[in-house]
Amino acid sequence: MLCFFVLAFVISRWVSISHDSTVKAGDNSSYDRHHDFGTNEKILDLGIQPLWLPAGIVAEVMKRDRHLRRELRKLGMEIRFHPFSKGADVNRSLHSGQLEGGMGGDMPTISACANGPVRVTSLMDMNFTAIVSRDFMVLSDLRGLRLGYAFGSNAHYMLLSALERNGLNEADVTLVSMDAPDMLPALERGDIEAFSAWEPITTLATQRHGFNVIHKFLSTGYLYFAHTFAERHPEAVERLVAAQFRALRWLERSEAHLSLAVSWSTRSIHNFLGKEFALTANEMKPMAQKSLRHLWSLPLFPRNGMANDGHLEQATRFLGRIGKIPPHATWTSIKNCFHPETGERILKDANLHHLDVFDIHGVLPE
Amino acid sequence: MTPTFTHPRAARGTIPAIVKTWLGGRWNLGTRLILGSGVLFLAGMVLIVHGFMMGIPWTPLQGRVQQQRTETLRQLELIANLHKEQIEAWLLEKQKDIGAIASNRTAFDELAVSFADPTDPQAFHYLQSIAASYPEFELLELINLSGETIISSIDGSVRPLIRDRFVDNVLLANESYTGRAILMPGRTWPLFRVGHPIHDRKGNAVAILVAAINPDSLLDRLLDTGKSLGETGEAILVNDTGLLLSTVKHPLPGGHFPEPMKHEIKAAPAILAATGHEGFIETQDYRGEPVMAAFRHIRINPVWGMGLVVKVDRKELIAPLEREVTGIIATSLILFFLLIVSNTVMIRKQTRLLHTLSQTAGRFSEENLSVRTQIAGDDEVGILGRSFDRMAQRIQTAMEEITAEMIRHRQTSQELSQANDELKDFAYIVSHDLRSPLLSVQGFTEELQMDLEALERSITGVMARKNEEHPVAEKEITELLHTRIPEDIRFIRSATTKMERLVNAILTLSRMGRTVLKFEPLDLHTLVENNVNALGFSVKEKGITITITIDALPPLVSDRFALEQIIGNLLSNAIKYLEPHRPGIIRIHGETHQDTKTVTLCIQDNGRGIATTDIPKIFLMFQRVGRQDTSGDGIGLSYVRTLIRRLGGTISCESSLGEGTVFRLTIPAIHTNIKHS
C-alpha cells in the first residue's frame, strides 16, 4: 500500500512537471494581482518590475520623484506604477491598453514592438541574464535536464538562444515554466537542474546557495510606451525619460541614496511577493551598484546593439525563427520603434530637463 | 565420411572462431581458461579505468575527467573573473584620473590660453607635465567640441583626431568616457581613449581632454594566467567586433603570430565574449585547437565593450589524466602479464591433472578397470580425482562381482544343464534299471502263476484218481513244489532285492541333496589321515602303500562329513580296484591355488585303470565300467560328485587302463556359498 502511495506521488509530481513543461504562450504568473489601472490617458499607467535589478530600483526612485509628478500635473496628468513579475506580463497589459508604458528586457521589448506600435525611448538596464545550475557544467551538458524559466522573459529567450548555439533545442531539455522567485526553491528541491533568470536571482543563487552560473548573456532593458500615447503626449514621455535619467543621477550622487533606494526596492519586492525576499538590502546594494555603473556612464541605447547584425537584430531573428514574434516583424520594423534621439536630446539639454533637480519623497530636497 | 559439425557462429568468423582456428590443437581447456581469465581481467580493468576516468552512472561518484574538467572550469572562471575585475578597475582608474585632471580648475586655467592661441606653449607644457606624471598616457590632447585637436602632448602640433562618435558620447555622458581601442598612426599596439569634458566656470563644456592610454601594464598582467592553467593557459582580449587587442601566446596554423588591432578572432569564445555573453565552452580556439574556455564580457559603457577569453588546451587538461591512465594501463599490463604467467602455471598444473583424469577415464572406459588417477591435493581437481578413483574402485569391485557372478551363473547354468542331462540319464537309468527287475518280477510272477496252475491241475488229477498211482503227476508236483516254484520265488526275490537296492541308492542321493552342510575350519592333512586310518584293515590286508603329501594349506573351511565321504569313497575305490598281481600304491597329494583360492586334492592309484571311453560314464548313477568282478551298485562316484558339487568344487578323472587312475578334486579353500545340487 505504501509503495502504491509513493508511486502515485512520484507520478503526480512527474505529471505536474510534464504539464509545466508544456505550458505555452499565455502563461499567467502566479504573482498576477489586481491593478488599479487608470480609466483615461490622463492617468499614465506604467508597468514596472520590482524583481528586476536595477530597473526596479530606478523605478522606486521615479515613484518618489515629486518633481516628475509636478511636471506631469502641469500637463494635466498623473502617474501610477504597476508591478509585474516579467516583461511578457507588462506587454500583455500594454497591448490591451491598460498600460501606457512599461519596462522590459530586450526580448520582451522586441516582442512588444513586433506585436503593436511601440516607442522605445531609453535604456533601463544593461546587465547579465544568467543560466544557473546545481552542478558545474558547460551548456552542452544541459541535454536531458529540467530547466526552469519564466515564459516570455528575457531569460527565457536567452536560454533558448544559448541552447541553440550549443546545438540543442527545446526537445533536448525539459522546460519547466515558473515564476522567477520560485526558481531558486525549485533548484534547491531538485525539481529542476538549472534555471535561466536575471539579477538579483542569479547572484542570490551563487552567493547564498553556492550554485553555479554557467552562462551569462549581456541583456539590455528599455523603457517603452504605447505608440499612440507617445504620439499624443510626447511631453509626458520626455518628462518620464528625464525622470529616469534624474533617478540615475540621484543614485550615482551618493551611496546613501543608493542604500535608501535599495531599501525601498526590497520593501516593494516584499509587498509584491507577499513574503520576505531572500536578499537583504545590504546584499542587494553592491549588486545594484555594479548594475547601475553602465547606466551611469551613458544611459543610451547600445550602439552595438542597434547596429545591423547587432545583438538586437540577432535577437529579432532568433525570436522570428522560433515563432515567438509574428512573421511580418522584421528588424527594420523593430528598429523603427527605437527612438534614441529622445534620450540624447534630454541628456544634451540636462538643465532644461532638470536632470539635477532632486526632490525625492522622503529625502530632503537638494 | 565422418560428418562434421560447425557451430553457426564459428561459420560467421566470430572472434572465438578465429582464435580457435589460429590456436588449432592448442584450443584446449587450459588455453580457454587462460584466455578467459585474461579477457575477464582486461574487461575488469577497462571497467575500472572507465569508472575511474568517467565516473559511475547514477551515482554521485565523478570520474577523474569530470573532476579535472570541473576543476579546470573553476580555475578558468576564477582567472576570467579576476582579469575582468582587473580590466574594469584599470579602466575605472584611468577614467577617474582623466576626470580628476579635466575637472581641476587649474586645468581650465592652464588650457584656456590655448583656446585663444593654440600656438601658445603654456598649454603644451602643461599637457606634457601631466603626461610625464602618468606614464601610461601616451598622448594627451585637448579637443574642441567639433572634434578637432587644439593641442597635443607629443609635439604641440594641431592635427585631426580620428573622428567617430567618441566626442559626442563624451559630451552626452558629460563625464569620463572610455572609447573604443584604436591604433594610432605609427603605433603597433592598441590605445584606449578616455575623454572628459572641460567645463568653463559656468559649467558649460568648452573642450574635451582626451588621453590615449597604453594598456601594456594591463595586458602584461592579463597574459599571466598563472601556473594553474599550465603552459597552454592563455587570456585574450578582443574588442566588440572580435578584433584582437592583446598579444597571443601561440602562433596561428601558418606559423605567424596575429598582431593586435590587425587580426580578427573568429573563434566562438571570443565572439561570444565580444557580443555580450559570459560562460564556459568547450570548442576550438583561434588556432583550431580544442580548448576549454571561460569567456567574459567587459562592458565599458553602453556603447561598447570588450571580450575576454581565458582558455586552456584540452590536451593539457587531459595530459595528467593520460599520465594517470598510462600508469594504470602500465600497472594493468604488468598485472596482466603476471596474471597470465601465474594462470598459465596454475591452469597448466590443473589441466595436467585434468588431462591425467581424462586419460585415466579413457583407459577406464576401455575396460582397464584397475587404472587410477592417483591425484593428490585438496582442491577441486584433487577431490574430483579421488572421487573418480573411488568411483572406479567401486565400479571395478562391482564389475568383478558381476563378472564372478556371471561366471558363477555360467557355471551354474552349465551345472544345471549338466544336471538336467544327468537327470535325463538318471531317469533313463532308473527307468531302465528298475524296469529290468520289474520285468523279472512280472515274468517270474506269471511263471509262478503258471506253475501254480500246473500244480493245481496235477493235484486235481491226483485227487480224481484216488487210490491210483500217479507217478507222473507226483513227479510233476514234486518238481513244481521243490524246483520251479522256489526258483520263481527266488528270481522274484532277487529282482525285488535289486529294486530295493536301487531305490535305497536313490533315497541316499536324495538325502544327500537335502543334507544341511556345516562349514567349519578343517585341517585337510588330518582329515585325509583319519580316512586312511579308517581303511587300515583293508590296507593292511592287501599290502597297499599309501603316501600322503599335502602342502601347508591354509585352514580349509568346508563340511567335514561331506569331505570324509568324498575322500573315503575315492580311497575305497582305489583300494577296491587295485590289481591283485602288483603291490598297490596310493598317493594323495594336495595343494593350494592362491589365485583362485581353491584347494586341489589328487588321489592317485596304480589300479586296473579305466578305459578312456568309460571315463565319462563313471560318475553316472548305477554305471559300472570295466570288469564286474567286484560288488557294487555303481552309485559311489555319483555320490562323490554330488557331494563335491555341493561344496562348490569339481572332480575330474584321468586314467590309463592297466596303469592306474588319478581323481583330482578341487574345492574352495574358504567356502562362502552353499551349493545345492
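Three salt bridges turn up across the interface of chain B and chain A in this predicted model. One of them joins the side chains of B:Glu88 and A:Arg293, with 4.0 Å from N to O. That pair sits right at the edge of the rule, because the cut-off for a salt bridge is within 4 Å. Here's a quick tour of the rest of this interface.

**Polar contacts**
- Besides salt bridges, you can look for polar contacts: the rule finds 7 residue pairs of this kind across the interface of chain B and chain A, with both residues at pLDDT 80 or more.

**What chain B brings to the interface**
- Five elements of chain B each give at least two residues to the side that touches chain A: the helices α4 (64-103) and α7 (166-173), plus the strands β3 (177-183), β7 (277-284) and β8 (290-299).
- α4(B) has the largest share of that side, with 8 residues.
- Sorted by class, the side of chain B that touches chain A holds 12 nonpolar, 12 charged and 8 polar residues.

**Strand pairing between the chains**
- β7(B) also pairs with a strand of chain A, β8 (residues 212-226), and the two run antiparallel over 3 bridges.
- If you want a spot to zoom in on, B:His277 in β7(B) is the bridge partner of A:Phe217.

**Extent of the interface**
- On the residue count, 32 residues of chain B are in contact with 28 of chain A.
- Interface size is often quoted as the accessible area lost when the parts come together.
- For chain B and chain A, that buried area is about 2,900 Å², and 55% of it lies on carbon and sulfur atoms.

Conventions. Residues are numbered from 1 along each chain as its sequence is written. Chains are lettered from A and ligands numbered from 1 in the order in which they are written. This is a predicted model: local features need pLDDT of at least 70, side-chain atom pairs count only at pLDDT 80 or more; totals for chains, interfaces and linings use all residues. Side-chain values use heavy atoms; hydrogens and water are left out. Contact means heavy atoms within 4.5 Å. Buried area is the accessible area (1.4 Å probe) that two parts lose on being put together, summed over both. A polar contact is a pair of N or O atoms within 3.5 Å; within protein, one must be able to donate a hydrogen and the other to accept it, and residues adjacent in sequence count only if both atoms are side-chain atoms. Helices (H or I, at least four residues) and strands (E, at least two) are DSSP runs, numbered from the N terminus. Ala, Val, Leu, Ile, Met, Phe, Trp, Tyr, Cys and Pro count as nonpolar, Asp, Glu, Lys and Arg as charged, and the others, Gly among them, as polar. Two strands pair if DSSP finds at least two bridges between them.
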